[in-house]
Amino acid sequence: MKSQNLSRALRAIRALLFFTLTLGVAYTLVITLIAQTIFPHQANGSLIEEDGKVVGSELISQPQRDDKYLWGRFDQVDQETFPGYDYGAPTNQAVTSPDYQKELQDRAKAFHLNQVPAELVTGSGSGLDPQISKTAALVQVDRIAKTRGIPQSEVRDIIDRQTSWNFGAPVVNVLKVNLALDRHHPEK
């Protein structure tokens with residue numbers, strides 16, 4: 001009986017080592033090698049560089065509320081769970097919550113518009129969406145142009161050049177638009 005238990009324990013240990021090396025090490029190395037070879041930009045975080053410095057990622061929004069820039073969705077960032085670190089998080093509030101409704105109204109006031117697209121005042125499920133619809137970008141053209149002292153047509157052109165398609169809908173990456181605005185009008 002004792003030798004049978006020892007034999008089972010040794011088989012279990014060998015199986016554990018086999019699967020740890022196969023799935024934990026070899027599989028991970030193979031997938032990493034494939035990703036780094038075929039999709040290096042995406043595998044390394046889809047980072048955007050300006051003048052040799054990383055300024056952000058195409059995949060994660062960077063909060064911006066300066067009037068000379070395009071604004072994205074409001075970020076939901078958790079800084080309390082692990083102090084010193086920021087984590088994206090949904091609001092977890094019911095749409096009917098009076099506090100949530102007040103929060104949406106306060107956000108809408110910041111735009112100084114009669115109608116604000118809902119995506120600009122609500123957070124997303126992840127809380128870190130890097131893109132907004134082209135419609136949401138275009139409602140901000142007047143504010144950006146006035147603040148920068150440039151024609152609205154120039155701001156629209158920059159948004160047009162940064163427009164891509166996501167599931168058949170035109171979207172813009174907020175960071176890319178803002179970087180393009182700074183490249184074309186750095187003095188403003």
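**Group meeting: from Gly 45 to the nonpolar core**

Good morning. Gly 45 is partly exposed, because its relative accessible area is 28%, and the cut-offs place buried under 20% and exposed over 50%. I should say at once that this is a predicted model.

Let me place that residue. Gly 45 lies in the loop that joins α2 (40-43) to β1. Which residues does Gly 45 touch, leaving aside those up to four places away in sequence? They are Ser 57 and Leu 59. Ser 57 is 12 residues from Gly 45 along the chain, and the C-alpha atoms of the two are separated by 6.6 Å.

Ser 57 brings us to the hairpin. Strand β1, residues 47-50, pairs with strand β2, residues 53-57, in the antiparallel sense, over 4 bridges. Opposite Lys 53 of β2 stands Glu 50. There are 2 residues between the strands, and Asp 51 has a positive phi near 55° in this hairpin.

I turn now to helix α1, residues 2-38. Does its end-to-end distance agree or disagree with the expected span? At 1.5 Å a residue, its 37 residues should span 54 Å; the end C-alpha atoms are 52 Å apart, and therefore the two values agree. The helix nevertheless has a bend of about 30°, located at Tyr 27.

The next topic is the interior. The largest nonpolar core comprises 24 residues. Those with the most contacts inside it include Leu 70, Phe 111 and Ile 132, together with Val 155, Ile 159, Val 172 and Val 177. At least two core residues come from each of α3 (98-109), α4 (118-121), α5 (134-138), α6 (141-148), α7 (152-161) and α8 (174-184). Which helix gives the most to this core? That is α8, with 4 residues.

Ile 159 serves as an example of the packing. Setting aside residues up to four places away in sequence, Ile 159 touches Lys 134, Ala 137, Leu 138 and Val 141, as well as Val 172 and Val 177.

Finally, consider α6. Its buried residues are Val 141, Arg 143, Ile 144, Ala 145 and Arg 148; two arginines thus appear in that list. As general background, an α-helix has 3.6 residues a turn, so residues three or four places apart point the same way. Against which helices do the buried residues of α6 pack? The partners are α5, α7 and α8. Just after α6 comes Gly 149, whose phi is positive, at about 70°.

Thank you for your attention.

Conventions. Residues numbered from 1 in each chain as written. Predicted model: local features only at pLDDT ≥ 70, side-chain atom pairs only at ≥ 80, totals over all residues. Heavy atoms only, no water. Core = buried A, V, L, I, M, F, W, Y, C linked by side-chain atoms within 4.5 Å. Buried < 20%, exposed > 50% of the residue type's maximum accessible area, 1.4 Å probe, protein only. Contact = heavy atoms within 4.5 Å. Expected span 1.5 Å × (residues − 1). Bend = angle between axes of the 7 residues up to and from the residue. Pairing = 2+ DSSP bridges.
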